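Biologist: Please bring up the sequence and the coordinates. I would like to go through the fold with you.

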Amino acid sequence: MNRISKKLAAYFIISFLVLETVLMMYLHQNIVHTRVDEEYSRLLTSGSNHRNILKDHYSDETISHIVLMEAEGDSGVVIIGKEGEVIRSSDEKLEKLMPSFSFLQNSTTQNDRIVMPDWEDTPYIVSAHPYKVDEDRSGYVLMFQSSEPIERLVEKLNFHFSLAGGAIIVVLFVIYTILSKFLTRPLIRMKEATEKLSEGKFNVSLPAGGNDELGELAVAIRKLASDLERMKKERNEFLASISHELGTPLTYLIGYLKVAMRPELTDEEKNRYLLIIAEESNRMKDLVKNLMDLAKMDEMTFTVSTINFSAQQFIEDIYRLVIPSFDLKNIKLNLICKEDFQIVADPLRLEQIVLNLLDNALKYSNENTTVRLEISKEKHRTVISVKDEGIGIPAEQIDMIYEKLFRVEKSRSRTFGGSGLGLAIVKELVEAHGGTIEVKSESGKGSLFTLRI
């Protein structure tokens, strides 16, 4: 997570510094160019004024006056004649620059212009202003402006821009610290929470986030922790349940096998023990079958292949299959099918649904009670209901009976058998058909399961 924080800081700072550098360079150059242009304009204006005065009032007194005006400060003036000779100058050292002015040999130049604009490499910027009084009196007024003021301005600009750049970098690091606190710190907490989850510690706590992606991620992690904790609890309960469910019949099997192996037993006694062993074996077989169905349900591998088949034939086949078990427990099974019609469903899966419902009714009903199995047509749907007069389900627990491994009372699996898987499988199969299932029950008075597909 520190790498994300560092990357975020690096990208942010580099991007901002590049933008800042470009903008500062643009601003710096604009300020310098504006200042230089002002110096050029001022120099050209001063030279033009001197040239006009010289043309209108050409005399030694005028020339002296012009030179005197430019003798002080950072500027200077040189007045040259027709042949390029120096008539008067405000500073003798300015005369040393004269040989470098090639334009002096071209007397046809009539426009005012800057002849030495490169202020960075020379101590002066120079403008030339041609004048002509008559055929014998003509030449140039050369204006000199020291480049030191511009250089001082550039130095100040460099200092202040450097100071501003340093201040911006400090501000950027402050912003980075704030971003680390408000952005990366929640991510670090989420990383620590996921590490706890990977270690099997589900009691993670994350601060409530806002209505942004980080808040949604925190909610998702808290939900994941809750789901994992619930799954772990279900898994432990599942393993404990399976251990007990398999352990009980295995204990019976081993015990009765040892008894049945005694040589002094009669054939009648051996048959009785073998019958008990067969019953326990069937119980284990049913449990394993339910576990396989549960595994398929978790893997979403239930497949439904619908065909048309007779409702009356289907329900009668189921009746013939289960009636012996009901007779053994002295429970009456009533079959109601008022008319024959075509069912559109998977016959194997539908049979599994009905058998599970009948098995529950058989397990949780007492002797001398009645179970009703009814099938009918309702518009374009098939309605199958199983009603018993058994122990019923408390109203507050009806919504949980379809959860895997749920049992209304833990003791029921000991008394009536069952692993809490049957109704969960029923609900998955009904929904795989695009149908619905509902239950009405009252504790101590029985239950009514109705499915529509």
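What follows is a set of questions and answers on this predicted model.

Biologist: How many helices and strands does the protein chain have, and what share of its residues is buried?
Modeller: The secondary structure of the protein chain comes to ten helices and twelve strands. The chain has 453 residues. Of these, the share that counts as buried is 38%.

Biologist: What percentage of contacts between residues at least 6 apart joins residues at least 24 apart in sequence?
Modeller: Take the contacts in the protein chain between residues at least 6 apart in sequence. Those that join residues at least 24 apart make up 66%.

Biologist: What part of the accessible surface belongs to carbon and sulfur atoms?
Modeller: The protein chain has an accessible surface of about 27,100 Å². Carbon and sulfur atoms hold 55%.

Biologist: Which kind of aromatic pair do Y124 and F144 form?
Modeller: The whole structure holds three aromatic pairs. In this one, the ring centres are 6.0 Å apart and the planes stand at 90°. Planes over 60 degrees apart count as edge-to-face, so the pair of Y124 and F144 is edge-to-face.

Biologist: Which strands does that pair link, and are its residues buried or exposed?
Modeller: The pair links distant parts of the chain, 20 residues apart. Y124 is in strand 4 and F144 in strand 5. As for burial, Y124 and F144 are both buried.

Biologist: Which kind of pair do F309 and F314 form?
Modeller: Both residues are buried. Their ring centres lie 5.5 Å apart, with 55° between the planes. Stacked needs under 30 degrees and edge-to-face over 60, so the pair of F309 and F314 is tilted.

Biologist: Which residues touch the most other members of the largest nonpolar core?
Modeller: This core has 39 residues. Among the elements that give it two or more residues are helix 7, helix 8, strand 9 and strand 12. The residues that touch the most other members are F314, F326, I343, L350, L357, L358 and F449.

Biologist: What does L350 touch, leaving out residues up to four places away in sequence?
Modeller: F309 and F314, the tilted aromatic pair, are both on the list. The full set is F309, F314, I343, A345, I384, H433, L451 and I453.

Biologist: How many residues does the other core have?
Modeller: That core lies apart from the largest one. Its members include M24, V32, L54 and I125. Its size is 20 residues.

Biologist: Where does helix 7 bend, and by how much?
Modeller: Helix 7 has 18 residues, which at 1.5 Å a residue should span 26 Å. Its end C-alpha atoms are 27 Å apart, which agrees. A proline, P324, follows the bend within four residues. The bend is at V322, by about 40°.

Biologist: Which residues of helix 7 are buried?
Modeller: An α-helix has 3.6 residues a turn, so residues three or four places apart point the same way. Cover for the buried residues includes strand 6, strand 7, strand 8, helix 8, strand 9 and strand 10. The buried residues are A311, F314, I315, I318, V322, I323 and F326.

Biologist: Is E374 buried or exposed?
Modeller: E374 is found in strand 9. It touches I336, V383, I384 and S385, not counting residues up to four places away in sequence. Its relative accessibility is 19%, and under 20% means buried, so E374 is buried.

Biologist: How far apart in space are R42 and Q145?
Modeller: R42 lies in helix 1 and is partly exposed, at 40% relative accessible area. R42 and Q145 are 103 residues apart in sequence. C-alpha to C-alpha, the distance is 9.6 Å.

Notes:
Residues numbered from 1 in each chain as written. Predicted model: local features only at pLDDT ≥ 70, side-chain atom pairs only at ≥ 80, totals over all residues. Heavy atoms only, no water. Phe/Tyr/Trp six-rings, centres within 6.5 Å; stacked < 30°, edge-to-face > 60°. Buried < 20%, exposed > 50% of the residue type's maximum accessible area, 1.4 Å probe, protein only. Contact = heavy atoms within 4.5 Å. Areas by Shrake-Rupley, 256 points an atom, 1.4 Å probe, with all protein chains shown as cover. Core = buried A, V, L, I, M, F, W, Y, C linked by side-chain atoms within 4.5 Å. Expected span 1.5 Å × (residues − 1). Bend = angle between axes of the 7 residues up to and from the residue.
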